[in-house]
Amino acid sequence: MSMQRYILSKKNPIIVISAVLIVLGFTSAMVFHNETVAVWSLAIASVLGVAPIAIQAYQALRVRVVSIDVLVTIAVAGAFFIRNFEESAIVTFLFLFGAFLEQRTINKTRSAIKELTEMAPESALKQMENGEFVEVEVDEVDEGDILLVKTGAKVPVDGAVLSGEGYINEASITGESVPVGKEKGSSVFAGTILDNGTLQIVAERVGEDTTFGRIIELVEEAQDSKSEAERFIDRFSKYYTPAVLVLAFIVWLISRDIELAITILVLGCPGALVIGVPVSNVAGIGNGARHGVLLKGSEVIGDFSRVDTVVFDKTGTLTVGNPKVADERIYGTDSEELMAYLASVEGESDHPLAKAIVEHIGSTEFYPVENTDVVKGGGIVAQVNGHRVAVGNAALMDQENVHMSKEVTADIASFEQKGNSLVLVSIDSELKALLGIRDQIRPGVKNDLKKLKKLGVKNLVVLSGDNQGTVDLVAQDLGLTEAHGHMLPEDKSAFIEELIGKGKIVAFVGDGVNDSPSLALAQIGIAMGSGTDVAIETSDVVLMNSDFSRLPHALGLAKATARNMRQNIIIAVGVVLVLLFSLFFSEWMNMSIGMLVHEASILVVILNGMRLLRYKLRPTREEK
Amino acid sequence: MHKATIQLEALICPSCVQKIEKATKGLSGVDQDSVKVMFNSSKVKFDFDADKISLEDVEKAITALGFEVIKSQAKAK
């Protein structure tokens with residue numbers, strides 16, 4: 001056992017010694033015509049080189065796996081048996097040296113994700129029973145523990161500040177590198193860095209439960225998730241390697257040509273095929289992680305790359321999501337009382353429009369609110385100071401039997417035309433006020449949508465609960481292909497179902513709070529996550545820090561990664577076909593060349609995958 | 001049942017995954033369906049019955065295949 005491990009640990013010196021012996025063997029044969037030295041040095045190189053491979057083969061066979069090592073070991077043994085020491089020495093050397101290069105390069109493809117996981121905090125200053133703070137491993141911190149965070153240190157857990165003040169760089173969670181001020185009661189997140197100050201915090205979530213821990217786990221799962229095609233390749237390769245062995249044996253039985261049989265063993269190694277897709281996958285997802293885009297696995301990448309229809313939720317996605325009251329019309333008098341009632345009712349709701357109204361009214365008297373009834377897709381009805389107050393859209397007013405005068409209808413039309421969302425207020429079934437609330441379009445969205453079109457997205461659709469006027473205005477502004485207003489969450493998901501029924505490949509972009517059915521239903525659910533949302537869990541792609549501008553990069557990256565996978569599969573399959581073809585129809589093929597081409601093809605697919613780490617969307621003309 | 005994660009040295013050959021998977025699944029006390037060998041992150045995740053097998057036993061089985069264990073942890077579920 002220890003002998004086996006010793007040999008395996010000495011692979012690198014073995015490679016060097018093999019190389020020296022092979023050079024020695026060939027020079028003595030060709031320059032000095034000394035056959036004895038040549039044969040001996042090549043034979044020693046073969047035995048030395050095959051040792052670690054044979055050990056790996058033996059370990060694999062013990063758990064009943066026919067690995068590539070098994071094929072190579074038998075091939076080398078066969079070459080040795082027919083005294084073809086040149087071949088046996090060169091094949092073992094190439095195999096070992098190839099593996100060495102593969103290790104180096106494959107680590108590169110994983111580097112982006114490694115950078116991310118290495119940002120995880122490792123230690124914490126924990127308050128012990130005697131009140132002193134002692135440095136412990138982060139695994140030893142439990143919820144409720146009190147921790148000290150000093151300037152320059154990483155926050156070890158998600159928690160709340162107990163005392164102290166400071167500025168924290170939250171770039172690892174939000175992507176935003178401007179430090180955020182923290183004081184007593186503020187929330188802090190694991191993996192963020194305290195730029196200055198000292199904080200005492202209480203741990204609320206630790207380890208994998210922290211926001212950072214969840215992101216890391218998602219990325220880690222994603223890089224190893226497999227698409228249907230990959231699972232097929234896996235199943236295939238399980239039978240492929242033994243099949244090569246059987247084929248070589250049959251060829252030997254029929255032809256009695258050991259040379260031919262062992263060449264088949266070497267040529268049949270499946271390396272590049274099995275490794276090609278995972279390296280593209282890990283490099284693509286790594287690139288995304290670096291740029292605030294979480295792609296959840298290769299299946300997602302495949303679907304996303306074929307998207308032809310992108311459906312947006314309006315509020316919070318295309319717009320800033322911070323609507324403000326822009327227009328106001330009061331009917332009748334008593335407006336101070338009215339505003340107080342309105343603020344009291346809207347204070348009950350956390351709907352964005354309600355928040356905008358409360359903000360707009362500002363400081364006022366608040367009344368106790370009773371019998372609050374939230375009407376889905378309508379608004380809110382409640383009892384205030386003995387009056388029945390209804391706040392909501394036209395449908396709710398209808399339901400409340402509110403009479404709409406001609407004046408009101410005209411106002412509604414003009415408000416809608418300006419792109420407002422409408423909120424009507426009635427007290428005891430009498431219309432009192434009309435409010436127009438507007439949201440701003442996110443800066444840069446127009447350009448981002450242009451990039452999506454350039455990437456081949458044909459339909460850009462916006463869905464919103466707002467009125468058609470508002471939505472049309474946004475669509476016109478941004479150059480969308482379709483706009484639908486008056487949509488409840490279930491209408492949105494029904495609409496998406498319809499699109500899918502028509503054979504479209506649909507991505508839905510939303511903030512995930514009320515859009516989870518649509519996120520789940522679309523082939524690709526894209527969540528605008530600030531890093532703490534549940535949407536991170538239910539979606540397929542997450543744009544960190546709710547940054548819309550990352551969407552084109554995400555799509556471009558998915559396309560580039562899918563393309564890269566296809567290239568790697570073609571390279572791998574092509575190489576095997578060419579090798580087998582050459583074996584049967586040409587003279588120049590032998591074991592050494594086979595191994596060389598085989599190892600080279602593995603390196604080519606790894607290097608090809610590595611290109612994805614540097615992928616960047618080409619800037620549009622305006623940006624240049 | 002305990003849930004375990006073993007971090008291995010960087011895996012490079014895909015047949016490594018097959019080997020480790022078979023070896024881990026073959027141990028009694030390890031829940032076969034839970035075994036997941038992750039190639040890119042070079043991790044093994046599985047559930048096991050602490051009364052029948054210890055984390056060290058599983059580590060030993062993997063080391064016996066020639067893979068170095070870097071870190072491991074187990075948590076009761």
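A nonpolar core here means a set of buried Ala, Val, Leu, Ile, Met, Phe, Trp, Tyr and Cys residues joined through C-beta atoms within 7 Å. Keep that in mind for the views below, which come from a predicted model.

**View 1. The largest nonpolar core takes in 154 residues.** Look for A:Ala75, A:Val91, A:Val266, A:Ala507 and A:Val541, which have the most contacts inside this core. Helix α23 (residues 550-585) of chain A chips in 12 residues, the largest share. Domain 1 (142-205) and domain 2 (294-319 + 443-555) of chain A each give residues to this core, so it lies between them.

**View 2. Here we zoom in on the surroundings of A:Val541.** Setting aside neighbours within four places in sequence, A:Val541 is in contact with A:Val293, A:Leu294, A:Leu295, A:Lys296, A:Val300, A:Phe304, A:Ile524, A:Ile526 and A:Ala554.

**View 3. A second core sits separate from the largest one.** This one has 32 residues, among them A:Tyr367, A:Val384, A:Val423 and A:Ile437.

**View 4. Chain A has an open, mixed sheet of 7 strands.** Read across, the order is β8-β20-β19-β18-β9-β16-β17. At the edges are β8 (293-295) and β17 (482-484) of chain A, each pairing on one side only. From one strand to the next, the twist averages 15°. Within the sheet, β9 (residues 309-313) and β18 (residues 506-510) of chain A run parallel, paired over 4 bridges; A:Val311 stands opposite A:Phe508 in β18(A).

**View 5. Confidence varies along chain A.** The average pLDDT is 85, with 96% of the residues scoring at least 70. Strand β16 (residues 459-463) of chain A is the high point at 92, while helix α7 (residues 171-174) of chain A is the low point, at a mean of 68.

Key:
Residues numbered from 1 in each chain as written. Chains lettered and ligands numbered in written order. Predicted model: local features only at pLDDT ≥ 70, side-chain atom pairs only at ≥ 80, totals over all residues. pLDDT = per-residue confidence, 0-100. Helix = DSSP H or I, 4+ residues; strand = E, 2+ residues; numbered from the N terminus. Pairing = 2+ DSSP bridges. Axes fitted to C-alpha atoms, helices over the stretch in contact; angles between N-to-C directions. Buried ≥ 20, exposed ≤ 12 C-beta atoms within 10 Å, placed from the backbone. Domains from an automatic or database assignment. Contact = placed C-beta atoms within 7 Å.
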